[in-house]
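Notebook open, viewer loaded. I want to see where the nonpolar side chains ended up in this one.

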Amino acid sequence: MSNLMFCLNATMPIFLTMMLGYAFRKWHIMDGSFVDKMNSFVFKVALPVLVFQDLATVDFFEAWDWKFVVFCFLATLISITAVTLLSFLLKDKSLQGEFIQASYRSSAAIFGIAFIQNIYGEADMGPLMIVASVPLYNIMAVVVLTVMRPERGRVNGALIRKTLHGIITNPIIVGILTGVVWSVLKLPMPVILEKTVKNVAVLATPLGLMAMGASIEFKGAFENMRPVILAVLLKLVILAGVFLPIAVTLGFRTEKLIAILVMLGSATTVSSYVMARNMGHKGVLTSSVVMLTTLLSAFTLTGWLYLLKVQGLV
């Protein structure tokens, strides 16, 4: 029961914040122009600063574990590849980009460290998991959302250059690289800078959630329930069911196993919606998957955690 309450305490405020955005739009407190600008701010400023904050304060030389990092990277890469192949079965090809991103992209940066700290009191493996998976999450998201945009054209030199430019200039990737360099060089974080970064970073999740909630279209979501349900199952059940046994066989235990669980089986990150909207996609499928995975992950994560505890692995 305590595990269930922890997950509910972690996920229900996220879901309710999203519903506040929906209510604010219905009450005309937010309009379309305001929501678009809020999405742009979260994507270009708040989320990159949040990722930078998570990575800049980690001592990578002390916490580095090659086996763990390589496993997280390969599990992420294989998951993206499998989901991409599966997306070609969709009847509506305009949904491919959103389906792929929503099916693999976890709330690793936002949710992972808090989840691990709640169980073990510290989260040394959380930042390593973020380094191994989050850059790949974002690079592949840029590629997928660019190449598989609704009004797609032929893959040519111009599209390749646009994709590479999108990767290099993607604000979230810039935040990741800056945070890693800051940590590796052990640059100081003056109190004034630290507090300023924190003040901006704390805006990412609530503003992103409310913007997403304000853009929810329930009618459109129900029209595409089959790909939504498949994406939810992949995100919360299937990928974790495939890779967790492999992680256990390779000897990962306790904090490392929890970090892998969060990477594989946590809710689809809010930033996937923000990125989809900012790269020319409708975002309806993504918002539906984020909403459902956020609500259901309280129960699926509890189930996975219970299974791992019963086996004496965490």
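I started on Phe 73, which sits in helix H4, residues 66-87. The model is predicted, so I keep that in mind throughout. Buried or exposed, I asked of Phe 73? Neither: its relative accessible area is 36%, so it counts as partly exposed, because that class runs between the 20% and 50% cut-offs.

Next I looked up what surrounds it on the surface. Phe 73 belongs to a nonpolar patch of about 670 Å². The other contributors are Trp 64, Trp 66, Val 70, Leu 74, Leu 77 and Ile 78.

Then I went to Phe 41, in helix H2 (residues 32-56). Phe 41 is partly exposed too, at 32% relative accessibility. Which residues does it touch, leaving aside neighbours within four places in sequence? I found Ala 46, Leu 203 and Leu 207. Phe 41 and Leu 207 are 166 residues apart in the chain, yet their C-alpha atoms lie 8.9 Å apart.

Leu 207 led me to helix H11, residues 204-214, and Leu 207 is among its buried residues. Nine of the 11 residues in H11 are buried, so the helix is largely enclosed by the rest of the structure. Met 210 and Met 212 are also on the buried list.

Last, the largest nonpolar core, with 81 residues. Phe 68, Met 129, Leu 244, Ile 260 and Met 263 touch the most other members. Helix H7 (residues 125-147) gives the largest share, 12 residues. I clicked on Leu 244 and, skipping residues up to four places away, noted Leu 257, Ile 260, Leu 261, Leu 264 and Trp 304 as its contacts.

Technical notes: Residues are numbered from 1 along each chain as its sequence is written. This is a predicted model: local features need pLDDT of at least 70, side-chain atom pairs count only at pLDDT 80 or more; totals for chains, interfaces and linings use all residues. Side-chain values use heavy atoms; hydrogens and water are left out. A nonpolar core is a set of buried Ala, Val, Leu, Ile, Met, Phe, Trp, Tyr and Cys residues joined through side-chain atoms within 4.5 Å. Buried means under 20% relative accessible area, exposed over 50%, partly exposed in between (1.4 Å probe, protein chains only). Helices (H or I, at least four residues) and strands (E, at least two) are DSSP runs, numbered from the N terminus. Contact means heavy atoms within 4.5 Å. Patches are made of residues with over 30% relative accessible area and no salt bridge: like charges are joined within 9 Å, nonpolar side chains (Val, Leu, Ile, Met, Phe, Trp, Tyr) within 5 Å. Accessible areas come from the Shrake-Rupley method with a 1.4 Å probe; for residues, only the protein chains shown count as cover. A salt bridge is a side-chain nitrogen of Lys or Arg within 4 Å of a carboxyl oxygen of Asp or Glu.
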